[in-house]
Amino acid sequence: MANKHGEFIWYELLTNDSDAALAFYSRLLGWQASDSGQPGMDYRILRARDKDSGEEHEVGGLMQLTDEMRQHGASPVWLGYIGVDDVDLTVDRIVTAGGRVQMPPFDIPDVGRLTMVTDPQGAVFYVMRGFSNQTSLAFAADKPRVGHCAWNELSTTDPEAAKAFYFREFGWTKDGEMALGPIGNYEFIRHNGVIGAIMPKFEEMPRPMWTYYFRCADIDQAHQAITDNGGKVLNGPDEIPGGDYILKGVDPQGALFALVGTRR
């Protein structure tokens, strides 16, 4: 795995309707998809085309929820993957620190070793050791890239404990903060560049969770496409420092998502 331990390397949408979800996000982000080739599994690889180079980059996956998954409580959701040097050692440390294993470590041939876990406050994510020597560009750490994830945001019941957990396990550091008023601070996190933020969870959020912001070409066009294609905008577009705009929404299958982009 070419990425450093602690970098976000993949994003995955679990959904009830893969065809409908792909159509929805393709209209927002221009994604194309192909079958992963994994036997017995509807798993599609999402790709974004770089407007400057014309190259396509793999940015995430789309997985159809099975009846068995739904029976065990799975519902549409976006999940992130954090790359690690050793999955099994990382899992042992996560459990020791108070996290939980949602899915025991397993190998996907020619892909990598991975597991689904929660942090001590209950936010779900994957850890993975990829078998490929190529660098993942799913998170656009180098420059703004349309169709790629641009920001990773953790909303949690205990920001101090969450920082201690993630900083210790993945080598992250704090890179400033912004006051949010009575609820606390929005604290920026850095790891080979700024990768996102940790903030207190709003009361209306059902549980601690990660939210991933994908970059769109035009925030107003994306806003219109959400409402035109069966999604719901929860808030925004709102301007953020630097001149970009963000919004949060729910896709037609019920997964929370977020966008960031310019206003033309």
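## A guided tour of the structure

Start with the cysteines: a search of the whole structure turns up zero disulfides. Keep in mind as you look around that this is a predicted model.

**Stop 1: the two cysteines.** Select cysteine 149 and cysteine 216. A disulfide is a covalent bond between the sulfur atoms of two cysteines. How far is the sulfur of cysteine 149 from the closest cysteine sulfur? That closest sulfur belongs to cysteine 216 and is 13 Å away, too far for a bond. Cysteine 149 counts as buried because its relative accessible area is 0%, under the 20% limit. Cysteine 216 is buried too, at 3% relative accessibility.

**Stop 2: the open sheet.** Now colour the strands. Strands of a sheet pair through backbone hydrogen bonds, either parallel or antiparallel. Here you can follow an open sheet of eight strands with mixed pairing, in the order E10-E11-E12-E9-E13-E16-E15-E14. Which strands stand at the edges? They are E10 (173-179) and E14 (232-239); each has a single partner strand, so one side of each is left without a neighbour in the sheet. Look along the sheet for its twist, which averages 25 degrees from one strand to the next.

**Stop 3: the E10 end.** Select residues 173-179 again, this time together with E11, residues 185-190. E10 and E11 run antiparallel and are joined by five bridges. One pair to pick out is methionine 178, whose bridge partner in E11 is tyrosine 186. The two strands form a hairpin with five residues between them. Click on glycine 181 in the turn: its phi is positive, about 90 degrees. Then step on to E12 (residues 194-200), which pairs with E11 in the antiparallel sense over four bridges. Arginine 190 stands opposite valine 194 of E12.

**Stop 4: helices on the sheet.** Show helix H1, residues 18-29, which packs on the sheet. H1 touches strands E13 (209-215) and E16 (256-261), and its direction makes about 15 degrees with that of E16. Next, show helix H5, residues 219-228. H5 lies across E14, E15 (245-250) and E16, and runs at about 170 degrees to E14.

**Stop 5: the second largest pocket.** Which residues lie nearest the centre of this pocket? Select Glu153, Met199, Tyr213, Ile246 and Lys248 to find them; the whole lining is made of 37 residues. The pocket has a volume of about 960 Å³. Strands that each supply at least two lining residues include E5 (77-83) and E9 (149-156). E13 gives the most, with six residues.

**Stop 6: tyrosine 213.** Stay with this residue, which lies in strand E13. Is tyrosine 213 buried or exposed? At 3% relative accessibility, tyrosine 213 counts as buried. Show what surrounds the tyrosine: among the residues it touches are His148, Cys149, Trp151, Glu153, Ile246, Lys248 and Leu259. Cysteine 149 from the opening stop is therefore back in view, as a residue that tyrosine 213 touches. For a sense of distance, measure to phenylalanine 165, which is 48 residues from tyrosine 213 in sequence and 22 Å from it in space, C-alpha to C-alpha.

**Stop 7: valine 95.** Finish in helix H3 (residues 87-96), where valine 95 has its place. Valine 95 is partly exposed, with a relative accessible area of 40%. Select valine 117 as well: the two valines are 22 residues apart in sequence and 8.8 Å apart in space, C-alpha to C-alpha.

Conventions: Residues are numbered from 1 along each chain as its sequence is written. This is a predicted model: local features need pLDDT of at least 70, side-chain atom pairs count only at pLDDT 80 or more; totals for chains, interfaces and linings use all residues. Side-chain values use heavy atoms; hydrogens and water are left out. Two strands pair if DSSP finds at least two bridges between them. Axes are lines fitted to C-alpha atoms, for helices over the stretch in contact, and angles run from 0 to 180 degrees between N-to-C directions. Contact means heavy atoms within 4.5 Å. A disulfide is a pair of cysteine sulfur atoms within 2.5 Å. Buried means under 20% relative accessible area, exposed over 50%, partly exposed in between (1.4 Å probe, protein chains only). On a 1 Å grid over the protein atoms alone, a cavity is a set of points where a 1.4 Å probe fits but cannot get out, and a pocket is an open set with protein on both sides within 12 Å along at least five of seven lines; lining residues have an atom within 4 Å of a point. Grid points are joined across faces, edges and corners, and a volume is the space filled by probe spheres set on the points. Lists of a residue's contacts leave out its neighbours within four places in sequence.
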